Amino acid sequence: MKTDLGLKFESLHEKENIFSGNLPLNGTPIAQKYAGHQFGQFNPDLGDGRAHLLAEVISPDGERYDIALKGSGKTPYSRGGDGRAWLGPILREYIVSEAMYNLGIPTTRSLAIVSSGEAVYREVKMPGAIITRIAKSHIRIGTFQWFAAISDIKNLKILLDYSIKRHYPDASSTAEFLRAVSFNQARLVAEWMRVGFIHGVMNTDNCLISGETIDYGPCAFMDEYNPDKVFSSIDKYGRYSFSNQSKVIIWNLAQLASALLMLHGDDQNTLEIFQEIINETSKYLSQEYYAQFASKLGIVTPDEKDKRLVDDLLKILAGETADFTNFFSKITNDEKPFKFMMKTAYLTWEKKWQNRVKNIPDAKPTMRQANPVIIPRNHIVEKAIQSALSGDFEPFYSLNEALQKPYDYKGQCNFLNAPKEDEKVTATFCGT
Ligand code: AMP
Ligand code: MG
């Protein structure tokens, strides 16, 4: 996304009032209805319970974007909730979504945060806040599931046609749409894994048709590499653990396929076509995953044998509980700061890797583009938020600034260290 949305305001006062939900922007705001599978259970009762879509804008580069507020109050879908959000999670969404954008990974973005000046009651009294979220659209897998759940075929078809027009104009059939969405989502998950991101709440209502990352709740970047890593306090069984993300997205896309199948009267032939697309997506995701990890090792065009190279390394890293980000940024710099890098298992692997890359002229630039130096680490994000909550926003601003250049191998930066034992943040919360 280009930074310029082409928005113009008469005054600062008008701008503040729009982003705090006191003034409309080009018409009446709306709340969207959706359904979705939450941790595998279908819930028809979802929707924007604390978000308002203010407007769509066409940016100067011709892209259509949604401008939405989150934490802006009750809607018809709030059910028992207050429709509000508090400053902590709002600052977190800002930091992590903008970091994701700067990492080059498709995501909704954060345009503004406004303190509401009102108290929000959670376990204790918290300062209320509203975030302005920009997205290519807010159409979710769960939006399709809603119309399928109520057997509203007419509106399901309208939603499909609209989604195709808005996001996949080249798709000329339901199957082509399903394939395009599926491949985008598969690529997205492979990109997340490249940077050690754990979304934490990959419910079908948190998966956008556009293929952008959405819903920065209990998400986190891992410090130590552990394929089973889970941060979210509500993910008791590890459904959305780091490595499960590649399986869960396929399951989610199968839910989209089954909603779309309704448009074809559950026809057997279409069912088989859709099943084939889901199978292809699974293969594509595996290929993308290995391509992403191969690029972290400087391999530009990976072949079958490179899978083994990647798997063997990850096994070593998991056994050594090595810091994921720092390991890859250090090998990019030819540094060996970890003790395990002198052990036989690693040295044997290293020899194989060096043989593989020695004749690849672009190995180093490829690694520099695939291995971030800086990620928003939990303990650093937490510190920045805590300090902002007590009135000092400086750490929040300097962290955001550093996160703007995640692949800058030349710059100086204060936020690179893995947490010490007593600094580790092991659990994250939806917490809004
Ligand atoms: P999420 O955890 O953001 O995916 O939200 C799950 C569902 O809970 C959605 O339908 C939200 O709109 C709803 N929800 C979350 N927080 C609130 C709140 N403070 N007030 C009303 N609804 C909420
Ligand atoms: Mg959500």
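Colleague: Which side chains meet in a salt bridge at 2.7 Å, N to O?

Modeller: In this predicted model, the side chains of Asp82 and Arg122 meet in a salt bridge, with 2.7 Å from N to O. The pair links distant parts of the chain, since Asp82 sits in the loop between β4 (64–70) and α2 whereas Arg122 sits in the loop between β5 (109–121) and β6 (125–135), 40 residues apart.

Colleague: And is Asp82 buried or exposed?

Modeller: Neither of the two, as Asp82 counts as partly exposed at 30% relative accessibility. Its partner Arg122 is partly exposed too, with a relative accessible area of 28%.

Colleague: How many salt bridges does the count come to?

Modeller: The count comes to 25 salt bridges. One of them joins the side chains of Lys157 and Asp161 at 2.9 Å, N to O.

Colleague: Where do Lys157 and Asp161 lie?

Modeller: Both lie in helix α4 (residues 153–167), and they are 4 residues apart, which is about one turn of the helix. Lys157 is partly exposed, with a relative accessible area of 41%, and Asp161 is likewise partly exposed, at 37%.

Colleague: What about Lys343, which side chain does it meet in a salt bridge?

Modeller: The side chain of Lys343 meets that of Glu320, with 3.0 Å from N to O. Because Lys343 lies in the loop between α9 and α10 (344–357) while Glu320 belongs to helix α8 (residues 304–320), this pair ties together parts that are 23 residues apart in sequence. Lys343 counts as partly exposed at 45% relative accessibility, and Glu320 counts as partly exposed at 28%.

Colleague: Which residues are joined into one network by salt bridges that share partners?

Modeller: Glu56, Arg64, Asp66 and Arg166 are joined in that way.

Colleague: Changing topic, how many disulfides are there?

Modeller: The count comes to 0 disulfides. Cys207, for instance, is in no disulfide, and the nearest cysteine sulfur, that of Cys219, is 14 Å away. Cys207 is buried, with a relative accessible area of 4%.

Colleague: Why is there no bond for Cys413?

Modeller: Because the closest cysteine sulfur, in Cys219, is 19 Å from the sulfur of Cys413, which is too far for a bond. Cys413 counts as partly exposed, at 25% relative accessibility.

Colleague: Now the pockets: what volume does the largest pocket have?

Modeller: The largest pocket has a volume of about 860 Å³, and it is lined by 39 residues, of which Tyr34, Gln38, Arg50, Asp215 and Thr432 lie nearest its centre. The elements that give two or more residues to this lining are β1 (33–38), β2 (41–47) and α2 (87–102).

Colleague: Which element gives the most to that lining?

Modeller: That is α2, which gives 4 residues to the lining of the largest pocket.

Colleague: And how do the residues of the lining divide?

Modeller: The lining of the largest pocket divides into 14 nonpolar, 11 polar and 14 charged residues.

Colleague: How much space lies in the second largest pocket?

Modeller: About 530 Å³ of space lies in the second largest pocket. Its lining holds 24 residues, and Cys413 is one of those that lie nearest the centre, together with Val373, Gly411, Gln412 and Leu416. The elements giving two or more residues to the lining are α9 (324–332) and α13 (394–402). By type, the lining of the second largest pocket divides into 10 nonpolar, 9 polar and 5 charged residues.

Key: Residues numbered from 1 in each chain as written. Chains lettered and ligands numbered in written order. Predicted model: local features only at pLDDT ≥ 70, side-chain atom pairs only at ≥ 80, totals over all residues. Heavy atoms only, no water. 1 Å grid on protein atoms, 1.4 Å probe; cavity = no way out; pocket = protein on both sides within 12 Å on 5 of 7 lines; lining within 4 Å. Points joined across faces, edges and corners; volume = space filled by probe spheres on them. Nonpolar A, V, L, I, M, F, W, Y, C, P; charged D, E, K, R; others polar. Disulfide = S-S within 2.5 Å. Buried < 20%, exposed > 50% of the residue type's maximum accessible area, 1.4 Å probe, protein only. Salt bridge = Lys/Arg side-chain N within 4 Å of Asp/Glu carboxyl O.
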